[in-house]
Structures are given as C-alpha cells and as structure tokens.
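Trainee: Could we go through this one together? I'd like to see how each label gets its justification.
Mentor: Sure, let's put it up and you can ask away.

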Amino acid sequence: MKADIEILLNKYWEGKTSLEEEKMLRQLLIKAEGFESEKAFFQGIEEFEALEEAPFTIQRKNPWITNWMRIAAGIMLFLASGIVLNQYLHQRAEKKAYKEVMQAFALINSNLEKGTNSMYVMQEFKHLNTPQQLFETKEEK
C-alpha cells in the first residue's frame, strides 16, 4: 500500500495523475499511517474546495451604516470629479492665455519689423549734419 501511495504521489507531483488516481490517492492516504504532510496538504485542498462551493456572504449587521457608506462614497466621487473638472478648466484657460500672449508678441514683432524697415530709408540721410541741410533751407542773417 505504501508503494502504491508513493507511486501515486510521484505521479501527482509531476502532474501526470488523472482525477480517478487523485481520488484513489486521497482514499489511500486516509487509510494509511504516516504521510502526515501529504494528508495535511490534501485536507487543505478539500477545505479550499469547500470554501469555493459555499461563497462568502456579507452579513449586514446595521443597514444604516451601509447607507451612510454609500452616501459618503457618492460625496467623495462628486468631490473628486469636481477637482478633476476644475484642473481641466484651469489648464484650458492657461493654454488660451498662452495663445493670446503669443499672438500679441507676434503682432508686436511684425509692427517692430515694419518700423525698422522704414528706418532704413533714413539711413540715406545720415551724412547730413543739420536740419538746414536736410530741408535745404538757408538761414537769414
């Protein structure tokens, strides 16, 4: 019997047993002496299977507590969504202000270029020293 158990255990640990062989191994382990760690292992598996068959149920001790928890969760959800919305609107306003500032800088730059281009015409007159020479007027004495 011990030899059969050892053969089945080796097959089990290698993952080569069928369901019938596993059932036979459990029955042999129950009847046999020794193999305490293997018995505990299979007993743990049986307890785990029993837990899967009877799912956990939540026992409500006080329904008022669950209602308050729902209300609190709703308030937290509302506050979190408000914070996220506020951050989104703030970022959008920042982007809009940035675009407006960049457009203003572009306008200033274009007007400044126009002004500097018109100053090149005045470069031709820089050799003249006085306004009289510029306007070709003669001073009367």
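Mentor: Start with burial across the whole thing: of the 141 residues in the chain, 10% are buried. Keep in mind that this is a predicted model.

Trainee: What does the chain show on its outside, then?
Mentor: About 13,200 Å² is exposed, and carbon and sulfur atoms supply 61% of that.

Trainee: Which elements does the chain have, and how many?
Mentor: Five helices and zero strands. Read from the N terminus, the order is α-α-α-α-α.

Trainee: Where is confidence lowest, and where is it highest?
Mentor: Helix α5 (residues 131-135) is lowest with a mean of 63, while helix α4 (residues 63-122) is highest at 91. For the chain, the mean pLDDT is 82, with 78% of residues at 70 or more. Where pLDDT is low, the predicted coordinates should not be read in detail.

Trainee: Let's get to the labels. Why is Tyr-12 called buried?
Mentor: Its relative accessible area is 17%. The cut-off for buried is under 20%, so Tyr-12 qualifies as buried.

Trainee: And what makes Tyr-12 and Trp-13 an edge-to-face pair?
Mentor: Two values. The ring centres are 5.3 Å apart, and a pair needs centres within 6.5 Å. The planes meet at 70 degrees, and edge-to-face takes over 60. Both tests are passed, so the pair is edge-to-face. The structure holds five aromatic pairs.

Trainee: How do you know that Phe-41 and Phe-42 are edge-to-face?
Mentor: By the same reasoning: the centres are 5.4 Å apart and the planes are at 75 degrees, so the pair gets that label. Ring pairs also link Phe-41 and Phe-42 with Tyr-12 and Trp-13 into a cluster.

Trainee: Why is Phe-41 called partly exposed?
Mentor: Phe-41 has 35% relative accessibility. Partly exposed covers what lies between the 20% limit for buried and the 50% limit for exposed, so Phe-41 belongs there.

Trainee: What about its partner: is Phe-42 buried or exposed?
Mentor: Buried. Phe-42 is at 4% relative accessibility, and under 20% is what the label asks for, so there's no argument.

Trainee: Which residues make up the largest nonpolar core?
Mentor: There are 10: Ile-5, Leu-8, Leu-9, Tyr-12, Leu-25, Leu-28, Leu-29, Ala-32, Phe-35 and Phe-42. At least two of them come from each of α1 (2-14) and α2 (19-31). The largest share, four residues, is supplied by α1.

Trainee: What does Ala-32 touch, neighbours within four places aside?
Mentor: Ala-32 is in contact with Met-1, Ile-5 and Lys-39.

Trainee: Now the loop between α1 and α2, where Thr-17 has its place. Why is Thr-17 called buried?
Mentor: Its relative accessibility is 16%. That falls under 20%, so Thr-17 counts as buried.

Trainee: What makes the link between Thr-17 and Glu-22 a polar contact?
Mentor: Their side chains come to 3.2 Å, and the distance limit for a polar contact is 3.5 Å. Glu-22 itself is in helix α2.

Trainee: What else does Thr-17 touch, beyond four places in sequence?
Mentor: Besides Glu-22, Thr-17 is in contact with Leu-8, Lys-11 and Tyr-12. Glu-22, counted that way, touches Tyr-12 and Thr-17. The C-alpha atoms of Glu-22 and Leu-9 are separated by 8.9 Å, with their positions 13 residues apart along the chain.

Trainee: How do you know that Arg-26 is buried?
Mentor: Arg-26, in helix α2, has a relative accessible area of 18%. The limit is 20% and the value is under it, so Arg-26 is buried. Leaving out residues up to four places away, Arg-26 touches Phe-42, Ile-45, Glu-46 and Glu-49.

Trainee: Last one. Why is Lys-31 called exposed?
Mentor: Lys-31 is also found in helix α2, but its relative accessible area is 65%. Exposed takes over 50%, so Lys-31 earns that label. C-alpha to C-alpha, Lys-31 is 9.6 Å from Met-1, and the two are 30 residues apart in sequence.

Key: Residues are numbered from 1 along each chain as its sequence is written. This is a predicted model: local features need pLDDT of at least 70, side-chain atom pairs count only at pLDDT 80 or more; totals for chains, interfaces and linings use all residues. Side-chain values use heavy atoms; hydrogens and water are left out. Rings of Phe, Tyr and Trp (its six-membered ring) pair if their centres lie within 6.5 Å; planes under 30 degrees apart count as stacked, over 60 as edge-to-face and the rest as tilted. Buried means under 20% relative accessible area, exposed over 50%, partly exposed in between (1.4 Å probe, protein chains only). pLDDT is the predictor's confidence in each residue, from 0 to 100. Helices (H or I, at least four residues) and strands (E, at least two) are DSSP runs, numbered from the N terminus. Accessible areas come from the Shrake-Rupley method with a 1.4 Å probe; for residues, only the protein chains shown count as cover. A nonpolar core is a set of buried Ala, Val, Leu, Ile, Met, Phe, Trp, Tyr and Cys residues joined through side-chain atoms within 4.5 Å. Contact means heavy atoms within 4.5 Å. A polar contact is a pair of N or O atoms within 3.5 Å; within protein, one must be able to donate a hydrogen and the other to accept it, and residues adjacent in sequence count only if both atoms are side-chain atoms.
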